[in-house]
Amino acid sequence: MQLFFTSFTNSCLDSSFFFILLSLFFSSFFILIPFLQWWQHHRNKDKRLPPGSMGWPYFGETLMLYTQNPNSFFSKRQKRYGDIFKTHILGCPCVMISNPEAARTVLVTQAHLFKPTYPPSKEKMIGPEALFFQQGVYHSMLKKLVQASFLPSTIKNSVSHVDQIVQKLLPTWTNRTINTLQEMKKYAFEVAANSAFGEIKELEMEKIRELYGCLEKGYNSYPLHLPGTSYWKAMKARKVLNEIIRKIIERRKERRNYGEGLLGILLRGRGDDDERRYQLSDSQVADNLIGVIFAAHDTTASVLTWILKYLHDNLNLLESLTKEQQQIQNKLAKESRGLSWEDTRQMPFTSRVK
Ligand code: HEM
C-alpha cells in the first residue's frame, strides 16, 4: 500500500512536472521564435540584404520548399519580393537571383567577390573531390584537365557518336506527345556520359544511366539519410557508381590503355598538349566524372529546351534553320555517309542559334 501511494504520488508529481516543463518549453519557444526572427531581421538589415524571409531559426524555409512544388515556392517569393530575394535553405542563408543583370554581376563583372559553395548534402552526393567544391591549385589543375576534354581537337572525334545518339532518339518521338525537357535530358545525358567515359560496354552504360537517374532524383529531395528516402537511395546509387567507375579504371589501367573521354584525360593526368602530369586517385577521378556529367546534364537540357521554344515561337528562324540542315542532310545522303566534324563547321546559321 505504502509502495502504491508513493508511486501514485510520484507519478502525479511526474506528470505535473512534465506538464510544467512542456508548457515552459512551448511558451519559451513561442517567445523565442519571434525574438530570433526580429533579431535576424535587424542583423540582416545592417548587412543591407534584399527583401525576403529567412524562415524559422535553423530550419529556415527548407521544409516549406520541400512540402510544395519548388516552382511555386520560388515564383511566390519572386512575386512578393521581386527578382532578388533572400531565403534560408538546407542550412545555407542564400540570395536567389532571377534576372540577367544580377546573374552577370555574380558570374562576370563582380565574380571576384563570390566564392562557390554548396550545401554539404549536395557536395557529399556529387563527390567532395569534384572541382566545383575546390579552390586553389587542385581546382586549377582539374579545370585544366576538364577543359582539355572539351577542346575542338578532342570533341572532333565524338561527332559521329553524337549523331548516332540523335538518330536513335528521334524515332522515339514519332506519333506521341513528348515532354521536351525530359527528352533533352535524355539526349544531354547520353552526350555527357559519352564525353566523360568515351567508349564503354553498353551494359555498363545502362547501369550508369539507371544509377544516375536515381542520383538525380535524390539530389533535389530532402536530404534525410534514412532507409527508403530518395536521398538515401541516391547516396546508395552514388556508392555503386563509384564501384562501377573503379572497375572501369582498373580495366583500363590493366590494359595500359587509358582510353577516350574525360576519364582517359584524368587517368593520364594531362591533356594532349600538356607537359605536366598529375596523379589522381580513383575517388578523385570518380567524383570529377560524376561532377562533370552533373554540370553538363541539366544545364544543357534546359538551354536546348529554351532554344526549341524560341524556334517554335519564331517561325522565320525555324525555316532558315531547317533549310540549312536539309541541305546538309541531302549532301550526306548523296555521299552515303554520316555527319562529320567538317560538316558541323559548315552550319553558319545553326551555330548562331543559341
Ligand atoms: C548551357 C549549358 C551550361 C550552363 C548554363 C552552365 C552554367 C554554369 C555556371 C553558371 C557555372 C558556375 C560558374 C562560376 O561559378 O563561376 C558553371 C560551372 C561549371 N560548368 Fe557549366 N554550364 C553549362 C554547360 C556545361 C557543360 C556542357 C559542362 C561540361 C564540361 C560544364 C562544366 C562546368 C564545370 C566543370 C564548372 C565548374 C567550373 C569551375 O569550378 O571552375 N558546364 N557552369
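In these legends, a helix is a DSSP run of H or I that covers at least four residues, and helices are numbered from the N terminus. Please keep in mind that this is a predicted model.

**Figure 1. The whole protein chain holds 15 helices and 2 strands.** Welcome to the overview before the close-ups. The protein chain has 354 residues, and 19% of them are buried. Among contacts between residues at least 6 apart in sequence, 62% join residues that are at least 24 apart.

**Figure 2. The ligand sits between two domains.** Here you can look at the shell of 14 residues that surround the ligand. The closest of these residues are P116, A295, A296, T299 and V303. Helix α13, which spans residues 282-313, supplies the largest share of the shell, with 6 residues. Helix α6 (136-148) also supplies at least two shell residues. In character, 11 of the shell residues are nonpolar, 2 are polar and 1 is charged. Why is the ligand said to lie between domain 1 and domain 2? Domain 1 (2-117) and domain 2 (125-313) both give residues to the shell, so the ligand lies between them.

**Figure 3. Strands β1 and β2 form a hairpin.** Strand β1 covers residues 84-89 and strand β2 covers residues 92-97. The two strands run antiparallel and are joined by 6 bridges. To follow one pairing, start at I89, whose bridge partner in β2 is C92. Between the strands there are 2 residues, and in this hairpin L90 takes a positive phi near 50°.

**Figure 4. Helix α12 is mostly covered.** This helix runs over residues 261-268, and 6 of its 8 residues are buried. Which residues of α12 are the buried ones? They are G261, L262, L263, I265, L266 and L267. These buried residues pack against four helices: α6, α9 (180-197), α11 (230-254) and α13. Just after α12 comes G269, where phi is positive, at about 80°.

**Figure 5. The largest nonpolar core has 43 residues.** The members that touch the most other members are A196, L262, L263, L266, V285, L289 and I293. Several elements give two or more residues to this core, namely α5 (120-126), α6, α9, α10, α11, α12 and α13. Of these, α9 gives the most, with 9 residues. A196 is a good place to rest your eye: leaving aside residues up to four places away in sequence, A196 touches G261, L262, L263, L289, V292 and I293. Three of these partners, G261, L262 and L263, are among the buried residues of α12 from the previous figure.

**Figure 6. M205 is a residue of helix α10.** Helix α10 takes in residues 202-219. Is M205 buried, partly exposed or exposed? M205 has 16 C-beta neighbours inside 10 Å, so this residue counts as partly exposed. To be buried, a residue needs 20 or more, and to be exposed, 12 or fewer. Not counting residues up to four places away in sequence, M205 touches A193 and I200. N194 makes another useful landmark: this residue is 11 residues from M205 along the chain, and their C-alpha atoms are separated by 9.1 Å.

**Figure 7. Two loop residues, R256 and S336, have positive phi without being glycine.** R256 is in the loop between α11 and α12, and its phi is near 55°. Because R256 has 6 C-beta neighbours inside 10 Å, this residue counts as exposed. S336 belongs to the loop between α14 (315-334) and α15, and its phi is about 45°. S336 is exposed too, because 6 other C-beta atoms lie within 10 Å.

**Figure 8. E342 belongs to helix α15.** This view takes you to α15, which covers residues 341-344. E342 is exposed, because 9 other C-beta atoms lie within 10 Å. Where can you find K156 relative to E342? The two residues are 186 residues apart along the chain, and their C-alpha atoms are separated by 8.9 Å.

Notes: Residues are numbered from 1 along each chain as its sequence is written. This is a predicted model: local features need pLDDT of at least 70, side-chain atom pairs count only at pLDDT 80 or more; totals for chains, interfaces and linings use all residues. Two strands pair if DSSP finds at least two bridges between them. A residue is near a molecule or strand if its C-beta atom, placed from the backbone, lies within 6 Å of it. Ala, Val, Leu, Ile, Met, Phe, Trp, Tyr, Cys and Pro count as nonpolar, Asp, Glu, Lys and Arg as charged, and the others, Gly among them, as polar. Domain bounds come from an automatic or database domain assignment. Two residues are in contact if their C-beta atoms, placed from the backbone, lie within 7 Å. A nonpolar core is a set of buried Ala, Val, Leu, Ile, Met, Phe, Trp, Tyr and Cys residues joined through C-beta atoms within 7 Å.
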